[in-house]
Amino acid sequence: MFLSVATTHRPATDLGFLLHKHPDRLHETELSFGKAWLFYPEATEERCEAALLLDVDPIGLVRGKGQAEGLLDQYVNDRPYAASSFLSVALNKALRTAMTGISKERQQLADSDLPLEAVVIPLPLRGGEGLVRDLFEPLGWAVDLTPIETIGSGAGGPRYGHLRLTGTGRLSSLLNHLYVLIPVMDDAKHYWVGEAEIDKLLSKGEGWLENHPAKDLIIRRYLRNRGALARIALERLAPETANEALPTEARVAAEEALEAPIRLNDLRVDAVVQAIRATGGTSIADLGCGEGKLLYRLVREKWVHRLFGLDPAIRELEWAAKRLKLNEFGGPPEGRVTLLHGSLTYRDSRWAEADVAVLVEVIEHLDEDRLPLIERVVFGETAPKSVIVTTPNADYNALFPNLATGAFRHPDHRFEWGRVRFEAWAARIGETYGYSAAFSGIGAVDPVLGAPTQMAVFTR
């Protein structure tokens, strides 16, 4: 993949001062996934162009992953060739000082608007030409995009393009625009995206992102569509518009934000781990594991021998795999953690050997008329020795100052039960499938309304 920047400012060779890279030399940068070279195809007083060529090692990307399922897909893809987060990382490492806008020899020039041109080949078009224009034109860059016809372009149009940007601006601004927006066009990242990524985004987006008409889309895509992180980023960027700007699907952190002041998520994980340990089980299935927060905690426990994580969302499982460093150096031994794509409404023998099944804040996301299917699969057909279920205590909702009367803690909740309703449900399961249930609360207990989360430990 290839990226170049050029100027016709005279003398154009001043570009070397701004990039901190001499035009007469070949500059090499070692990366964990390959190698990058920066060189000058042209360096005259009339025009100077600096090119960053990135060579990604496709074998190195999957080295150490053994004969994992889908290994061919890991080799045969566009990652070594299409402009992506790999290119952004290389850009930042090779030209980090230039991106800050600092130049010891030519600071006045670094602060000046210059005639600039940038070329990116090949740029993924996940969103089409219209999205490319929506991203770059509001920043003052003229867009010249030539589609690249490839195998698989299909009716949806070309998947890649030759991008040429022209305009007048600070070189550091152009570099930062490219750093942020290339992964946005690719709509993917090659590394785990956590809260530290918000700092990178806001740092590189300083001075332009807050006023960009597509800032919501940029934030979501840059953060791999992780709603919780997108909400935090938008609140930091524009606190007064955070809730209104993000679409419904991006507001997935409402429950976490509501419960954050009482650290309920941390308390819930601690309580569940203690409950699992008390059962004596060493093989655990986290049903509805999401991005793997509980699995990440359990994998560090020496008494846990085997872990299964089941979730219907592929993207969540991808995040869980990255969080757990599966098939990576420093991750768990092969076979200790197995992530499964599947649904709780169907019997699944892949996790049937688990001693303990755990459903942490899962049942309230299902329609009540579908619960009997879950009950039959978990308690009837698979029937592990112990099942642990946590769910919000609706009685406690009255104590949340920002929660309207009758509202749920999360927009995706289909119901929220009080303690009486939860215990009645558990009693029916016990009668039907031969389990006894012990109840406890998680979080600070109100003498009248109970704890914010309720937990039942079922024993067969």
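Is Arg419 buried, partly exposed or exposed? With a relative accessible area of 29%, Arg419 is partly exposed. The close-ups below start from this residue and then move through other parts of this predicted model.

**View 1. Arg419 and Asp395 meet in a salt bridge.** Their side chains come to 2.8 Å, N to O. The two residues link distant parts of the chain: Arg419 belongs to helix α18, while Asp395 sits in the loop between β12 and α18, 24 residues apart. Like its partner, Asp395 is partly exposed, and its relative accessible area is 27%. Look along the chain from Arg419 and you will find the rest of helix α18 (residues 419-433), which lies across β12 (386-392), β13 and β14 (453-459). The helix runs at about 15° to β14.

**View 2. Seven strands make an open sheet with mixed pairing.** Follow the 7 strands in the order β10-β9-β8-β11-β12-β14-β13. The edges belong to β10 and β13 (436-442); each has a single partner strand, so one side of each is left without a neighbour in the sheet. From one strand to the next, the twist averages 15°. Within the sheet, strand β8 (residues 283-287) pairs with β9 in the parallel sense over 5 bridges. Here Leu287 stands opposite Leu310 in β9.

**View 3. Helix α16 has its buried residues on the same side.** In this helix (residues 314-324), the buried residues are Leu317, Trp319, Ala320, Arg323 and Leu324. They cover an arc of only 160° around the axis, which puts them on the same side of α16. Their packing partners are α15 (293-298), β9 (306-311) and β10 (337-341). Just after the helix, look for Lys325, which takes a positive phi of about 60°.

**View 4. Strand β4 pairs with both β1 and β3.** Of the 9 residues in β4 (residues 48-56), 7 are buried, so the strand is mostly covered. Strand β1 (residues 2-7) pairs with β4 in the antiparallel sense over 6 bridges, and Phe2 has Leu53 as its bridge partner. Strand β3 (residues 34-43) also pairs with β4 in the antiparallel sense, here over 8 bridges. A hairpin of 4 residues joins β3 to β4. Glu42 and Glu49 are bridge partners, and both also belong to a network of salt bridges that includes Arg47, Glu117 and Arg164.

**View 5. Arg268 and Glu361 form a salt bridge.** The closest N and O atoms are 3.4 Å apart. Arg268 lies in helix α14 (residues 264-279) and Glu361 in the loop between β11 (356-360) and α17 (371-382), so the pair ties together parts that are 93 residues apart in sequence. Both ends are buried: the relative accessible area is 5% for Arg268 and 10% for Glu361.

**View 6. Glu197 and Lys200 form a salt bridge within helix α9.** The closest N and O atoms are 3.3 Å apart. These residues are 3 apart in α9 (residues 196-204), and about one helical turn separates them. Glu197 is buried, at 3% relative accessible area, whereas Lys200 is partly exposed, at 34%. A search of the whole structure finds 30 salt bridges.

**View 7. Two stretches have pLDDT under 50.** Over residues 64-75, the model has 11 contacts beyond four places in sequence. Over residues 240-254, there are 23 such contacts. For the protein chain, pLDDT averages 86, and 89% of the residues score at least 70.

How values were computed
Residues numbered from 1 in each chain as written. Predicted model: local features only at pLDDT ≥ 70, side-chain atom pairs only at ≥ 80, totals over all residues. Heavy atoms only, no water. Buried < 20%, exposed > 50% of the residue type's maximum accessible area, 1.4 Å probe, protein only. Pairing = 2+ DSSP bridges. Arc of directions from axis to C-beta. Contact = heavy atoms within 4.5 Å. pLDDT = per-residue confidence, 0-100. Axes fitted to C-alpha atoms, helices over the stretch in contact; angles between N-to-C directions. Salt bridge = Lys/Arg side-chain N within 4 Å of Asp/Glu carboxyl O.
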